[in-house]
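Colleague: I should like to go through the assignments in this model one at a time. Please set each value against its criterion.

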Amino acid sequence: MLTVQYAEALPEFKINAADPGYTATDLNDHRGTKTVQEGADIIVRLATIGADGPTGGYFAADGPVPW
């Protein structure tokens, strides 16, 4: 909900939520199924979207995630 509210309040920015998936990090004792690089892919993709890209959405590596 906060993502959508920020996206509406700040239309000059692209504001989205990202789900990196179950990524192997210190937080889960490296039991995740994705590498850190794989988990970061969606974050980098959203951080570099163009002006015509989505805003106010929730995304995973394989596409939009329903709210």
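Modeller: I shall begin with a single residue pair: A60 stands opposite G63 in β3. Please bear in mind that the model is predicted.

Colleague: What makes β2 and β3 paired strands?

Modeller: Two strands pair if at least two bridges are found between them. Strand β2, residues 58-60, and β3 share two bridges in the antiparallel sense, so the criterion is met.

Colleague: What is the order of the strands in the open sheet?

Modeller: The three strands of the open sheet have the order β1-β2-β3, and their pairing is mixed.

Colleague: Why are β1 and β3 said to stand at the edges?

Modeller: Strands β1 (17-19) and β3 (63-64) each have a single partner strand, so one side of each is left without a neighbour in the sheet.

Colleague: Where does helix α2 lie with respect to the strands?

Modeller: Helix α2, residues 36-47, lies across β1 and β2 and runs at about 155° to β1. Along the sequence, the protein chain follows the pattern α-β-α-β-β, with two helices and three strands.

Colleague: Why is T3 called buried?

Modeller: The term buried requires a relative accessible area under 20%. T3 has 16%, and it is therefore buried. T3 lies in helix α1, residues 2-9. Leaving aside residues up to four places away in sequence, T3 touches I15, N16, A17, G56, G57 and W67.

Colleague: What share of the residues in the protein chain is buried?

Modeller: Buried residues account for 27% of the 67 residues in the protein chain.

Colleague: Why does D29 count as exposed?

Modeller: Exposed means over 50% relative accessible area. D29 has 55% relative accessibility, so D29 counts as exposed. D29 is placed in the loop between β1 and α2, and its phi is near 55°, a positive value in a residue other than glycine.

Colleague: Why does H30 count as partly exposed?

Modeller: Partly exposed covers the range between the cut-offs of 20% and 50%. H30 has 49% relative accessibility, so H30 counts as partly exposed. The place of H30 is also in the loop between β1 and α2. Its phi, near 60°, is a positive value in a residue other than glycine.

Colleague: How many positive and negative side chains does the protein chain have?

Modeller: The protein chain has 4 positive and 9 negative side chains, and the centres of the two sets lie 3 Å apart.

Key. Residues are numbered from 1 along each chain as its sequence is written. This is a predicted model: local features need pLDDT of at least 70, side-chain atom pairs count only at pLDDT 80 or more; totals for chains, interfaces and linings use all residues. Side-chain values use heavy atoms; hydrogens and water are left out. Helices (H or I, at least four residues) and strands (E, at least two) are DSSP runs, numbered from the N terminus. Buried means under 20% relative accessible area, exposed over 50%, partly exposed in between (1.4 Å probe, protein chains only). Lys and Arg count as positive and Asp and Glu as negative; His and the chain ends are not counted. The place of a charge is taken as NZ of Lys, CZ of Arg, CG of Asp or CD of Glu. Contact means heavy atoms within 4.5 Å. Axes are lines fitted to C-alpha atoms, for helices over the stretch in contact, and angles run from 0 to 180 degrees between N-to-C directions.
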